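Hi everyone, thanks for coming. Today I'd like to walk you through one model, from its strands to its empty spaces.

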Amino acid sequence: MKKILLSFLMVIPVWGFSQSFQVNLQGQKQIGMAGAGTGVAMDEAAVFFNPGAVSFLKKNGVQGGVSPIFLKTVFNEAGSDRLEHNKSKVPTPFQAYAVFGKPDGRIRFGLGAYTPFGGAMHWDENWSGKYTVTSLDLHAIYIQPTVSIKLSDHVGIGGGLVYSMGKVDLRRAVPLTLNNGQSATAKLQGDSHNFGWNAGIYVETVSGVSIGVTHRSQVTATVEEGDAIFDVPAALAGGFPTKFNADLPLPATTSLGLGFYPSAKTTIAVDVNWVHWNKYKELAFEYNNNDRVENTRSPRNYHDSATLRLGVENQTTEAIALRAGIGYAFTPVGKGYVTPEVPDANRLLLSAGVGFKPTERLGIDFSFLYENIVARTETNIETGLSGTFKTVAYIPGIGLSYKF
């Protein structure tokens, strides 16, 4: 029994905090440009994309937006012709920013709240991988006060403290049978409250090209006294844990961005993001009761991964701006480590967007991002779950902004 439950608990991933669920939806304009924004000073979302560019914004303003994720995943177990689909559940990452201070001054201030990690994956309760996972709901909300200083007419630096709030709800079946004939179940729930930082530099060169470099630090999400809830036969319940502790790395990201301006109405943004996944070597859990469930140290051995992004904005008229973008993201998940919570693979990103200004101060932005994750056939080295995963994501978005 210990070996069965040990293997059951060891497959818990970083709660979806991987390339699959590293949510790059921090600004509606930037989403429409495939998420590129490090090397341009576009709007208040610079609080996230490059704090150094905040001091170059021409006006103060506030903005907010939301981008629901419609995730479609299908699994074909090895040796079977049956296709199993995830259930429809729509997470709604959001972003909100404010920038204030004297626009012609050297110091500007910003505040941001956004969702850089999160997701939802729900399978049928009796699907072929039910002992691995049946559902996962998670999110991490970052709150970031920011200071940006214009060192000269061409160079700005900035940084902000990040306060992270995380929450997870993971459920799966246990290889035991209840009196009613149903499978026993387990649920792990926990919260984390931790800190990190975000800093960047922004340069406008004499050639007209703008350059941005940023680094967002790793945040180690520490869960203490999380709830471990086992619905198992009463005769066995006393031997199962009720609490757990864990430390989970949310990776640092280093970005280089360039901005090109072929005309007064056209902006081209190019970003390269490097995500420091090499810090995620293993996942360790400690439980308050080890009679039936032992503490686990499960190897992950992720590697660093990169994302390439190219976006274009054209101010077609005074009131309308059109945007488009393309990108490609490389997975950090090595062979043998793919799980149904995070069925990750390399992915193609395609985006489009439109901005509308009904007044001089008010703006409405729409975006759409399509992610095509390459089909991946794997056998997990710990659980033995073997088959092919294929995922696509459709992400519409809308945002409102007001300048003052």
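Let me start with the term behind most of what follows: two strands count as paired if DSSP finds at least two bridges between them. The strands themselves (E, at least two residues) and the helices (H or I, at least four residues) are DSSP runs, numbered from the N terminus. This is a predicted model, so to speak, in which local features need pLDDT of at least 70 and side-chain atom pairs count only at pLDDT 80 or more, while totals for chains, interfaces and linings use all residues. Residues are numbered from 1 along each chain as its sequence is written, and side-chain values use heavy atoms, with hydrogens and water left out.

How confident is the predictor? On the pLDDT scale, which gives its confidence in each residue from 0 to 100, the chain has a mean of 89, and 94% of its residues reach 70 or more. Please be careful with residues 6–20, though: pLDDT stays under 50 there. For that stretch the model has 75 contacts beyond four places in sequence, a contact being heavy atoms within 4.5 Å.

Now to the strands. Strand β5 (residues 107–122) pairs with β6 (residues 135–150) in the antiparallel sense, over 14 bridges. Within that pairing, Gly 119 has Leu 138 in β6 as its bridge partner. From β6 we move on to β7, again antiparallel and again over 14 bridges. Here His 139 is matched with Lys 167 in β7, and a hairpin of four residues makes the connection between β6 and β7.

Further along, β10 (residues 219–231) and β11 (residues 243–250) run antiparallel, joined by seven bridges. Which residue of β11 stands opposite Val 223? That is Ala 246. Ala 246 also stands opposite Phe 285 in β14, where β11 and β14 (residues 282–287) pair antiparallel over three bridges.

Towards the end of the numbering, β13 and β16 pair in the antiparallel sense over 10 bridges, with Glu 313 in β16 as the bridge partner of Thr 267. Strand β16 is also joined to β17 (residues 320–329) by eight bridges, once more antiparallel. In that pairing Asn 314 faces Leu 322 of β17, and the hairpin between β16 and β17 has five residues.

A quick word on aromatic rings. Rings of Phe, Tyr and Trp (its six-membered ring) pair if their centres lie within 6.5 Å, and planes under 30 degrees apart count as stacked, over 60 as edge-to-face and the rest as tilted. The whole structure has 18 such pairs. One of them is Phe 48 with Tyr 114, edge-to-face at 5.0 Å centre to centre and 70 degrees between the planes. This pair links distant parts of the chain, with Phe 48 in helix α3 (residues 46–49) and Tyr 114 in β5, 66 residues apart.

Finally, the empty space. On a 1 Å grid over the protein atoms alone, a cavity is a set of points where a 1.4 Å probe fits but cannot get out; a pocket is an open set with protein on both sides within 12 Å along at least five of seven lines; and lining residues have an atom within 4 Å of a point. Grid points are joined across faces, edges and corners, and a volume is the space filled by probe spheres set on the points.

The largest pocket has a volume of about 1200 Å³. Its lining has 42 residues, and the closest to the centre are Lys 29, Ala 41, Met 42, Lys 58 and Glu 313. You may remember Glu 313 as the bridge partner of Thr 267.

The second largest pocket holds about 280 Å³. Of its 18 lining residues, Glu 125, Thr 134, Arg 171, Arg 172 and Thr 185 lie nearest the centre. Strand β8 gives the largest share of that lining, five residues.

And the cavities? There are seven of 30 Å³ or more. The second largest has a volume of about 190 Å³, and Gln 22, Pro 116, Phe 117, Arg 216 and Thr 253 are the closest to its centre among 21 lining residues. The largest share of this lining, three residues, comes from β5.

That's my tour, and I'm happy to take questions.

Terms used: pLDDT = per-residue confidence, 0-100.
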